[in-house]
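I opened this notebook to keep a record of what I looked up, in the order in which I went through it. I wanted whole sentences rather than a bare table.

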Amino acid sequence: MMAKLLKNREILLVVAIVALVALIALRFPAFVTPASFARVYNDTSILIILALGQMAVILTRCIDLSMAANLALSGMVAAMLNTAFPGLPIPLVILVAMALGCLLGMINGTLVWKLNIPPIVVTLGTLTIYRGLIFLLTDGKWINAHEMSDAFKALPRLGLAGVPVLSWLSLLMIALMFLVMSRTPLGRAFYAVGGNPHAAVYTGIDVGRTRFFAYCLSGTLAGLSGYLWVSRYAVAYVDIAAGFELDIIAACVIGGISIAGGIGSVAGAVLGALFLGVIKNALPVINISPFAQMAISGTVIIIAVAVNARAEKRKGRVILRKAEAV
Amino acid sequence: MTDAHLSPRNIPDRLQGRGARILKSWESLLLVVAIAIFLGNSLASPYFLDPWNLSDATFNFTEKAMIAFAMALVIISGEIDLSVASIIALASTAMGYAVQLGVDTPALVAIGLGVGLICGMVNGLLITGLGLPSIVVTIGTMSLFRGLSFIVLGDQAFTGYPESFAWFGQGYFWWVFSFEFTLFVLLAVIYGVLLHKTNFGRAVYAIGNNQTAALFSGVRVARVKFILFLLTGLMAGLASICLTSRLGSTRPSIALGWELEVVTMVVLGGVNILGGSGTIPGVVLAALIMGMVTFGFGLLNVPGIVMSIFIGLLLISVIALPILWQRARRRLAH
Amino acid sequence: MKPAITLEGISKSFPGVRALSDVSLALYPGSVTALIGENGAGKSTLVKILTGIYQPDAGVIRLADVETAFPTALAAARAGVTAIHQETVLFDELSVAENIFLGHAPRNRFGFIDWKKLNADAAALLHRAGADFDPTIRLRDLGIAKKHLVAIARALSVDARVVIMDEPTAALSHKEIHELYALIERLKADGKAILFISHKFDEIFRIADRYTVFRDGTMVGEGLIVDVSQDDLVRMMVGRAVGSVYPKKEVAIGEPVLTVSGYRHPTEFEDINFELRRGEILGFYGLVGAGRSEFMQSLIGITRPSAGAVKLDGQVLVIRSPAEAIRAGIVYVPEERGRQGAIIGMPIFQNVTLPSLSHTSRSGFLKLANEFALAREYTSRLDLRAASLDQDVGTLSGGNQQKVVIAKWLATRPKVIILDEPTKGIDIGSKAAVHAFMSELAAEGLSVIMVSSEIPEIMGMSDRVIVMREGRIAGRFGRAELTAEKLVRAAAGIETQSNGRAA
Amino acid sequence: MKILKSLMVTAAVAVALMANAAHAENKKIALVVKALGIGFFEAANKGAQEAAKELGDVEVIYTGPTSTTAEGQIEVINSLIAQKVDAIAVSANDTDALVPALKKAMDRGIKVISWDSGVAKEGRLMHLNPSSSPLIGNMIIKLAADNLPEGGDVAVLSASATATNQNTWIAEMKKVQGNYKGINVVTTVYGDDLADKSYRETQGLIQSYPNLKAIIAPTSVGIVAAAQAVTDAGKIGQINVTGLGLPSEMAGHVKSGASKSFAIWNPIDLGYSATMIAYDLIGGAEAKPGAELKMGRMGTVKLDDNNEGAMADPFVYDASNVEDFAKIF
């Protein structure tokens, strides 16, 4: 029973997070309070949303390196829209950001689908292009807090039942993604395309189109995150979230999503992101130099890959009857 | 699939002559692009065609290109190493630390190369020893190696490198030919021979095309891959020496983001990111193109990020255009 | 009787290749039609057109007299055409039930997948296919035979009118093949039209009602099975009469070359002892999954045995990798040509010289002239058909790829060559070439181990046969005492032995 | 071959579009900043353009990398050397790393000065401090102390750990810490001049030091992010954010009370002065200890033993005046 439980990646990850929190609690008991957890969750919300999108893409054996650049561009456009038309209702601004994110994702998806260019090359290219576009759009100028309308900045911070909207939004996205992944043909197609693209064709699944939709999804979520990021930190400029794409992928890897496609779950992506979030938030609290954070997350990634690879390792065929009994 | 009609027992070695093969190759496309950019630059700025300026411009790509050569082999073998920039940081940190202890130049070089090798070994062991996917392992070691630099240095910097150490990044071999550029040419030749003229290079291609079949054919897959990661580590160490010498100081943020630029250079050079094909001349041309684009745009005071858009577009379009072209031709033929 | 589906005048071309030209086919309800033809005759293309993966360039598909088209795989499935493929095309990470219903899962009124109904329906279908296991378990936890049953249940799930079986017995054991026959009888009784593709004539004569023969992309004959003989079919397939299929030469057997003693592995095999003599062809017979390939792969160092010793020419050898095996003179031509044998993407000559590079090169540097010479020598001995030696191996037909793969290992000038299913999935013409060459090699004094699941091949080519069952040696026979019945008894185990007929 | 042709045309057109005719007779002064797009430097550019207009025969090239890296600045400097500019005035991302490149510039006859954030002595002719470092160090802690009559815990949020000017000011601040009774500087954290990182670091400070009374952020990016984080944590009134910031960016936070006051020198004047000094050097003035260099309407600057000079005192902004200045920079 125990062995079977330990085989489950998600449970293993929960155990690891609990152990980590316990370790932190030894040095800083105040970390283990509902308020503190709520804060860590809120702080990790954007990473969670992004990891969900990346998960869909990785499941189909692709990768999206352009998510952070997409976030920055969509966020910048949202901010520009807000400064140009302060009266525009915020939900509309969010919709525009998501639509733009989706469009950028569609560009990735189309290049992967229609031209068969390897995903890593496509998104490596669009990563620089999207970020460059922000510069062209703004001449590199920042949009600062005072230029944004109060409503624009207030939304993610607004408390609903004592929890900020930002957290609510990420919970909503988790629920939606869970529904998409488990209860819709598209969600199941993600698994099929990544698990066995050759077989997926025979099942009547269009591999390219499924990948395209995965990119649309990751793009839309990046667009949403773009607004959230910009409004939360109340600033938009070319370099926001630079290098964050690797954090997103790291969250997925830690969450047990196989880079080879076909394996992974919503719970895994969320837990992987939370694991990174706990580390990020705990280090300053327990007085470990923030400079150690990078080395720690690197080590965690390597351990996570090793553990997951062990779980995935195919055993040879059991042919001897007596061996089978064991 | 209809090969039955072909006459048996008289199979020619090659169907096309050497000239036709070269003309049709990716490298000739790149060469045309490179020449176009060279001409464009000469027209756009009066400062471009100046030996010293061109010499200065080589510093834009030489260090990255050194790593790109080794990276090309890694990618041809079907793997990837995203930790190279972090190896530069760690090697530079180690050298900086040694300087504080009063170590002299030859020992510094040894330390730089040694740390590079050790980092490559760590990657190699994790990937070939434990059989983990290289893209994830090196994302992990990328954070780990640079993280170690941050732990050592934090907000500090190491400076005070000996005068003689400056030669690697700032010295000239002969006239306008800097040490770095000379090294770049030398390494291009060495890697070209290694990949295209040796059994080892053939093994790299075989592994990239079909790892299992290569193993069954007696290729020592794990050993070859291990050596490849050692080589990228070593090259990152070498690049670290050059860059550190050029900057004269070490910060943990040194060479941040270079891994993607190196991969871009390799892919632009025609190396298939999925492994199995690619050439060193292609990578050399890609390095020159990227260097010239950076420099040309710099002369016009165009911000670096605009040139990165150009590189990004170039990366996608050089792959997409031939595909689109072929499709268009097929449609016309119908 | 009206056909369930008819194809008329179907043509399909690919760049440079005319795969099908003006082909017609009719499948009748409650009847099994065997589709016969050499590899490259166009069978796979036809299956792909029937299942909506390819679109024909010309011709019509009629479903019960109504002209139709299958623009996608889904459209074909909706029209009741379903296929069970050669390789199990399933998804390891998904549950059994999902594998059955992927692409047409039952939905609830909100449009979401209804898991409860999905699992219940799956259990019912599995029951119909003669398998009663939990549909919620993940596919990766099942054995190959059970996976096949899942594939069949999937075929049943679409309420098929037409069921295509593309070499369905290739991966099955003797017992499972008989279960499959029973299932086919049931499908026939249900009135399904079945298209059965196979290379095995005994199988065809056992279950098919009708036949259609393809050659070079055209239909060359069709009719009722009862009206033809095996020889007729072979003649139609190859367009000429085939004489002696097994050109085994009598060779003087020499001294022992390879001695294996006490080889064992924790889960795959144990107690493997035998010796191989000079000039001998030693057949290894057994059902698929009997541990033959696993043992052979441990012999060349792909996996490590937990105990055991090998002597080559009286010298004890420790082999830790294929490289060492090749250096010692033992080579293995693997079963999976596409995955383990040919290196698609590299030219023919580079494929051939890969294991021999240490001979063709000088101090680690390539010598292209030597490589071409070596490649030319061995490919011409094997009668390879290709445009040039720098052609990509992937552009060759399966049979010619296999010749390149065999040439590759022969070029190392081995003492012992292990051929694992050397003629699996290749056309009759190439088969004969491989067999002739094998015989020639033995005559030259090479020792050959031939792993095969085809009884005629084993009986036709071997000097001696070792039968393996469940990882152990289950019988040894000399050429003189060899009968098909003995082989099958030993391979299947006495207690499960049926009537002794070869499968 | 059509692709090749179109590629060639595209490349040529792209490059040609970027080209604009330079007036050869003008003196070219390059204003190299830490990164493009930062409000502070945009304002400095305004000042530089003003100086150029005043001087008449000067063309100011405003440039810099897109993110605050030394390597990016070196590439920019290399291309400026190639363009044979007459002077480079740089605000450095790294004290030491730029030295070799700047030395090369000086070898080729280019006058190099640093301003705002300096480079090591051997890499420039002179350095223009916006204000004297001791004054700034004193100013930032005084701003915190003025609002804390009973004393209390104070934390510093700096920019990147490698920023020369930040480190100098903090060091100067610590020297005079003893003058402010009860003020206890608990830690220094680094936001790398990234808004999000600064925000998160501030959150960490609020968590770790429950008795924190003030945050000193001597960086225009950090002070805004810190004020935002304090606002979000609901700590307005408990924690006062102060330091160095731009009135336009800080006006809202002063109004909300997150920041009671902050200081800054006028970046327009700084850019103006740097350009004027560079022009003076091109004209033949020599930068040596004790020399006085002309800064147009700002008067002159006198160099100390390190060839450094200070422009003016920082100016304090609070609720009474911030709105007026927010319109200017």
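The entries below go from confidence to chain contacts and then to the build of one chain.

Entry on confidence. I noted at the outset that this is a predicted model, and I therefore looked up pLDDT, the predictor's confidence in each residue, before anything else. For chain A the mean pLDDT is 87, with 93% of the residues at 70 or more. Within chain A, I found the lowest confidence in helix H15 (residues 321-325), where the mean is 46, and the highest in helix H5 (residues 90-114), where it is 96.

Entry on chain contacts. I looked up which chains touch and found 5 such pairs, of which chains B and C share the most contacts. Chain C and chain D, by contrast, do not touch, and their nearest C-alpha atoms are 22 Å apart.

Entry on the fold of chain A. I counted 15 helices and 4 strands in chain A, and I read the span of its C-alpha trace along the principal axes as about 75 × 55 × 35 Å. The radius of gyration of chain A is 21 Å, which agrees with a compact globule, because 326 residues would then give a value near 20 Å. Of the contacts in chain A with a separation of 6 or more, 78% join residues 24 or more positions apart.

Entry on burial, surface and charge. Buried residues make up 62% of the 326 in chain A, while the chain exposes about 12000 Å², with 71% of that area supplied by carbon and sulfur atoms. I also looked up the charged side chains of chain A, which are 24 positive and 12 negative, and the centres of the two sets lie 14 Å apart.

Key
Residues numbered from 1 in each chain as written. Chains lettered and ligands numbered in written order. Predicted model: local features only at pLDDT ≥ 70, side-chain atom pairs only at ≥ 80, totals over all residues. Heavy atoms only, no water. pLDDT = per-residue confidence, 0-100. Helix = DSSP H or I, 4+ residues; strand = E, 2+ residues; numbered from the N terminus. Contact = heavy atoms within 4.5 Å. Rg over C-alpha atoms; globule rule 2.2 N^0.38 Å. Buried < 20%, exposed > 50% of the residue type's maximum accessible area, 1.4 Å probe, protein only. Areas by Shrake-Rupley, 256 points an atom, 1.4 Å probe, with all protein chains shown as cover. Lys, Arg positive; Asp, Glu negative; His and termini not counted. Charge placed at Lys NZ, Arg CZ, Asp CG, Glu CD.
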